[in-house]
Amino acid sequence: MSIASVMTQSNKKGVFMNFQRLISQLSQFRSRCGCAEVYCSTCGGRAAALNQNMNSDLEHEIKQHMEKMTLDDLIEMKDWGEYLKREYKQEVHKIVEREAEGVDSTDITQLDMFLLHGRRFARSSPAYQKMLTEGVSLAKKNKDESLIETVLLALGERAVEYQDLLEVALEKSRNNKNLHRVLYNKLRETVPEVRGYVGKPNNR
């Protein structure tokens, strides 16, 4: 089951449950101060304790689990998904590669979801960058506002290299505050036209 598939909430839960045992194993490790956080700026958290106690058997089991994982699973694992991204970059890139193979690059929804979630874990992978190129082309052609926003988030400051895309985004942002906000956050220093964004007032 990939992120490109139309999945029900129960199906997502069923997929995630396959890795509960792994999460339980990883969660056994705690820092000397007993911190329960995966990451902690004071003691390093469970991640630091796990790295200090890592052995070849556990590492092998982690990698075996990752051979079956999807981007959905990494997201559901929350901070442990972040841990896998940091410590097992090559394996995470393989997950992205498998996901990319199942995405129909002509389907706006599939491509949008893949690019949105994939950027959190392996935006530098060749497979992701290839799909991002497809996303830029489709966004310019179809002018879908959600895909444009996702592509801009993935490109960041590099968006200025795609003038055709930027022109479409600027036009759409006139009536789309979310898109205007993304343009402002990413490009306000280099694109004067986006500096007029004003966030929502603090309604207390």
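Here are a few numbered notes on this predicted model, offered as a friendly read-through.

1. Overall make-up. The protein contains 12 helices and zero strands. Read from the N terminus, its elements therefore run α-α-α-α-α-α-α-α-α-α-α-α, with helix following helix along the whole list.

2. Burial and surface. Of the 204 residues, 43% count as buried. The protein exposes about 11900 Å², and carbon and sulfur atoms supply 43% of that area. The two percentages describe separate things, one being a share of residues and the other a share of exposed area.

3. Contacts along the sequence. Take the contacts between residues at least 6 apart in sequence: 59% of these join residues at least 24 apart.

4. The nonpolar core. The largest nonpolar core has 55 residues. Which residues have the most contacts inside this core? They are M69, L84, F114, L115, V151 and L152. M69 makes a good starting point for a look around: leaving aside its neighbours within four places in sequence, M69 is in contact with F19, L22, L74, M77, L84, I95 and R98. L84 thus appears in both lists, as a contact of M69 and as one of the residues with the most contacts inside the core.

5. Helix α12. This helix spans residues 177-187, and its buried residues are L179, H180, V182, L183 and L187. Why do they sit on the same side of α12? Because they cover an arc of only 160° around the axis. Among the elements that cover these buried residues are α10 (145-155) and α11 (163-173). At the N-terminal end of α12, N176 acts as the cap, with a side-chain oxygen 3.1 Å from the backbone nitrogen of N178.

6. Cysteines. You will find zero disulfides in the structure. For C35, the closest cysteine sulfur is that of C40, and the 4.0 Å between the two sulfurs is too far for a bond. C43 is likewise in no disulfide, the nearest cysteine sulfur being that of C33, 3.4 Å away. A disulfide here needs sulfur atoms within 2.5 Å, so the 3.4 Å to C33 does not qualify.

7. Cysteine exposure. Is C35 buried or exposed? C35 counts as buried, because its relative accessibility is 13% and the cut-off for burial is under 20%. C43, in contrast, is partly exposed, with a relative accessible area of 27%.

Notes:
Residues are numbered from 1 along each chain as its sequence is written. This is a predicted model: local features need pLDDT of at least 70, side-chain atom pairs count only at pLDDT 80 or more; totals for chains, interfaces and linings use all residues. Side-chain values use heavy atoms; hydrogens and water are left out. Buried means under 20% relative accessible area, exposed over 50%, partly exposed in between (1.4 Å probe, protein chains only). Helices (H or I, at least four residues) and strands (E, at least two) are DSSP runs, numbered from the N terminus. The arc is that of the directions from the helix axis to the C-beta atoms. Contact means heavy atoms within 4.5 Å. A polar contact is a pair of N or O atoms within 3.5 Å; within protein, one must be able to donate a hydrogen and the other to accept it, and residues adjacent in sequence count only if both atoms are side-chain atoms. Accessible areas come from the Shrake-Rupley method with a 1.4 Å probe; for residues, only the protein chains shown count as cover. A nonpolar core is a set of buried Ala, Val, Leu, Ile, Met, Phe, Trp, Tyr and Cys residues joined through side-chain atoms within 4.5 Å.
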